[in-house]
Amino acid sequence: MATPVRPGRPPQIRIRRQLPLSPWLFAAPGLLVVGAFVLYPFVSTLVNSFTDRRTLLPGHFVGLANFRELLHDDMFWTGLRNSTLYILGVVPALVVLPLLLALLVRKDIPGITFFRSAFYTPVVASIVVVGLIWVWLLDERGLVNSLLESIGIGRIGFLSDQWLLLLSAMAVTVWKGLGYYMIIYLAALANVPRELHEAAAVDGAGPVRRFLSVTVPAVRSTMVLVAALSSVNAFKVFSEVYLMAGPTGGPAGEDTTLVMLVQRTGTGLTGRVGYASALSVVVFVVTVALMLLVLRADRREDA
Amino acid sequence: MPMSRRALAAAVVALVLPLSACGSGGDDGGSTDASGKVEGDITFQTWNLRANFKSYFDGLVADFEKKYPGTHVKWIDQPAEGYADKLSADAAAGTLPDVVNVSPDLVAPLAKAGLALDLDKSAGKYRSEYLDGAWAGHQVPGMSGTYAFPWYLNTGPLFYDKALFDKAGLDAAKPPKTYDELFADALQMARKSDGKVATLANVPTIEDFGRYGVTLMNKQGTAFAFNDAKGVELLTRYKELYDAKALDPQALTATPESSGRKFLTGAVAMNPGSALDLDNFKKNAPSLYKNIGITDQITSTGHVNMYVMGVMVNSRTKHTPAAVAFAHFVTDAQNQMSFAKKVAIFPSTAGSLDDPYFTEQDGTDETRVRVAAAKSLKSAVNYTPVLFSEQMKTALRNEVAKALQGKESPKKALDNAVGAADRLLQQD
């Protein structure tokens, strides 16, 4: 039935400008997932960090007691130290080495795809497999030590010394991460205009100069991204250290990282969920601070 | 289109509220009365047994269902790794199976959370079927009651590599019998091999302290006491071994698996084990198997260590009579005996260890180990205190490592470990 239209007036088109519900309906599935797997765990961790909750026993509100305990917990400081050292050891290597690798493998020479895939293989390999392989290699009687002994250096306790263990784990992280960041750099390098290189070459710049004056500025924002990603990952390191240093986190737990400490404190039937949550909150705060720091450094350089 | 803050808050609450209900479990179901009719669907969870004993458990379940028509048992199995985590996740989510394979240290936190049925109340009539010590194995200090049926027991000898003993000038026919002999042999082994062959591969655990004769807890079970003179003495002697490389340099980070591997490859001369290991030696290290020496666990108390497995009934089960009946069925003398004949474990039921299977030799190594273990089990002790949690084990291990590295004196290290364990105990 057509509504009677009065002559002289344009027909009224009725569009409701705002349907308060429908956009939310569209977003609901995504929101539900985010709510259930991101927001809820986050809020619940935050709440738990102020309680003395145990795995099987409901907690009571204890205010800042968990955080106060943290300050006096030697293991927390050990964890913080190791996680921080991990950033210092791993990030510079992961910012620079993959870039050099990317420069190497972007050359169009026969068989280069083989090398590209080869460098990428560690990324796809399972960290558990990789960890075990390195444990075998670095064992007191492993391949590496046998080689060292045969050339007269003698055996080195890679897996029994606190610092060598941490260094070995860092080496595995770097080795495993190279391929991933190499791909990111390859994409960035493809965007560097060839003319810039040509112009620089015409002006008499050698390869090193061209690298520093053309390539590096062109991929700088990618370097910042890599630094941000790798530092957050380094701070949250778990698997490498857990696999190589064992569940105890190295001799006397001296190689424990913060995330390992969260796992050890908070899991199992007698897990201290409240205290582990407080630890997680600290990890979160530091991670966010790290991101902000890196991004800020980037902005300052832009200005 | 900006959404009002109130609407956002409402959305968040709507998302979060239904979820927060999952965590608390709920107190529905579950009665302690096991006298009703045995019927209903129950779930039974074992700990890493499917791979090798599927047919045994399938048969067990079928027998039970035949004996009690109207029951249905769903059998599930969990891998060895992360079993405690699986239990805690299930317990927190309220999805703990009706009948669960546990060990005493696992049952303690579950009992404290009210999730384990007190069998003194619900199944006291079965008590006399089990060895007294085994029944008491699942009691929790500070609580009255017994929280699991005793299931299988295990203990094992000390294996040693005769070839390595020979090479070090030790008499392979006379393995060490006392701690003094053990430590002396270990030092000689290290000296003769230039520090390349260690005799022990693991740092002392709470169980080792117990076996050495250290008092682990006070009588009331309210505080730990392993920092006494005897404890300090054991740790001091281990430090000597560590310095001489008679204790493997990687012992501080070793796991039972990694030290087992070292024994297989001849890097370590002795390793504790069970009858299960003989098979492993035969398959993976034939040359070791030819030289394998078997001797008794070393102890200064006269009692060897044993591991106890139990079967717990979930206090929130909807079918208490069926769950209790099944837990008893799994652990009764007949079924334990037939399980023991399939695998190198030992029954916890009264009289079963007197069966000829556990007393008569037939000339094989397997039988020798089995008969010796069964004999020692009659007076064996589960040294690990029921209340010694994972977190406490870590604390002890870290302090022991500090003492071995010389960063702390043995006395200081044990004082710290006892302090940490006591703090954790009070938080429970």
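These exercises, with worked solutions, deal with chain B of a predicted model and its contact with chain A.

Residues count from 1 along each chain as its sequence is written, and chains are lettered from A, ligands numbered from 1, in the order in which they are written. Local features need pLDDT of at least 70, side-chain atom pairs count only at pLDDT 80 or more, and totals for chains, interfaces and linings use all residues.

**Exercise 1. Confidence**

Task: State which stretches of chain B have a pLDDT below 50.

Solution:
- Start with the scale: pLDDT is the predictor's confidence in each residue, from 0 to 100.
- Chain B averages 87, and 93% of its residues score at least 70.
- Residues 1-5 of chain B fall below 50. Residues 7-29 of chain B do too.
- Now count contacts beyond near neighbours in sequence (a contact puts two C-beta atoms, placed from the backbone, within 7 Å). Residues 1-5 have 2 in the model, and residues 7-29 have 18.
- Where pLDDT is low, the predicted coordinates should not be read in detail.
- For the whole model, ipTM is 0.77 and pTM is 0.81.

**Exercise 2. The side facing chain A**

Task: Find which helix gives the largest share of the side of chain B that touches chain A.

Solution:
- The contact takes 30 residues from chain B and 30 residues from chain A.
- List the helices (DSSP runs of H or I, at least four residues; strands are E runs of at least two; both are numbered from the N terminus). H1 (5-20), H3 (83-93), H4 (104-112) and H18 (390-405) of chain B each supply at least two residues.
- H18(B) gives the largest share, 8 residues.
- Sort the chain B side by class: 17 nonpolar, 9 polar and 4 charged residues. Ala, Val, Leu, Ile, Met, Phe, Trp, Tyr, Cys and Pro count as nonpolar, Asp, Glu, Lys and Arg as charged, and the others, Gly among them, as polar.

**Exercise 3. One residue, Leu252(B)**

Task: Decide whether Leu252(B) is buried or exposed, and place it.

Solution:
- Leu252(B) sits in the loop between H10 (229-243) and H11 (256-264) of chain B.
- Apply the cut-offs: buried means 20 or more other C-beta atoms within 10 Å of a residue's own, exposed means 12 or fewer, partly exposed lies in between, and C-beta atoms are placed from the backbone.
- Leu252(B) is buried because 29 other C-beta atoms lie within 10 Å.
- Leave aside neighbours within four places in sequence. The contacts of Leu252(B) then include Ser160(A), Pro251(A) and Ala252(A) from chain A, and Val203(B), Ala401(B) and Leu404(B) from chain B.
- Lys402(B) is 150 residues away in sequence, yet its C-alpha is 9.3 Å from that of Leu252(B).

**Exercise 4. Two domains**

Task: Work out which helix gives the most to the side of domain 1 that touches domain 2 in chain B.

Solution:
- Domain 1 covers 40-155 + 306-377, and domain 2 covers 158-303 + 385-427. Such bounds come from an automatic or database domain assignment.
- Their centres, over C-alpha atoms, are 29 Å apart.
- In chain B, 17 residues of domain 1 contact 11 residues of domain 2.
- H4 and H17 (365-377) of chain B each supply at least two residues of the domain 1 side.
- H17(B) gives the most, with 8 residues.

**Exercise 5. Strand E8**

Task: Name the strands that pair with E8 (307-313) of chain B over 4 bridges.

Solution:
- Two strands pair if DSSP finds at least two bridges between them.
- E3 (99-102) of chain B pairs with E8(B) in the antiparallel sense over 4 bridges. Here Val99(B) partners Val313(B).
- E4 (149-154) of chain B is also antiparallel to E8(B), over 4 bridges. Leu153(B) partners Val308(B).
- E8(B) is mostly covered, with 6 of its 7 residues buried.
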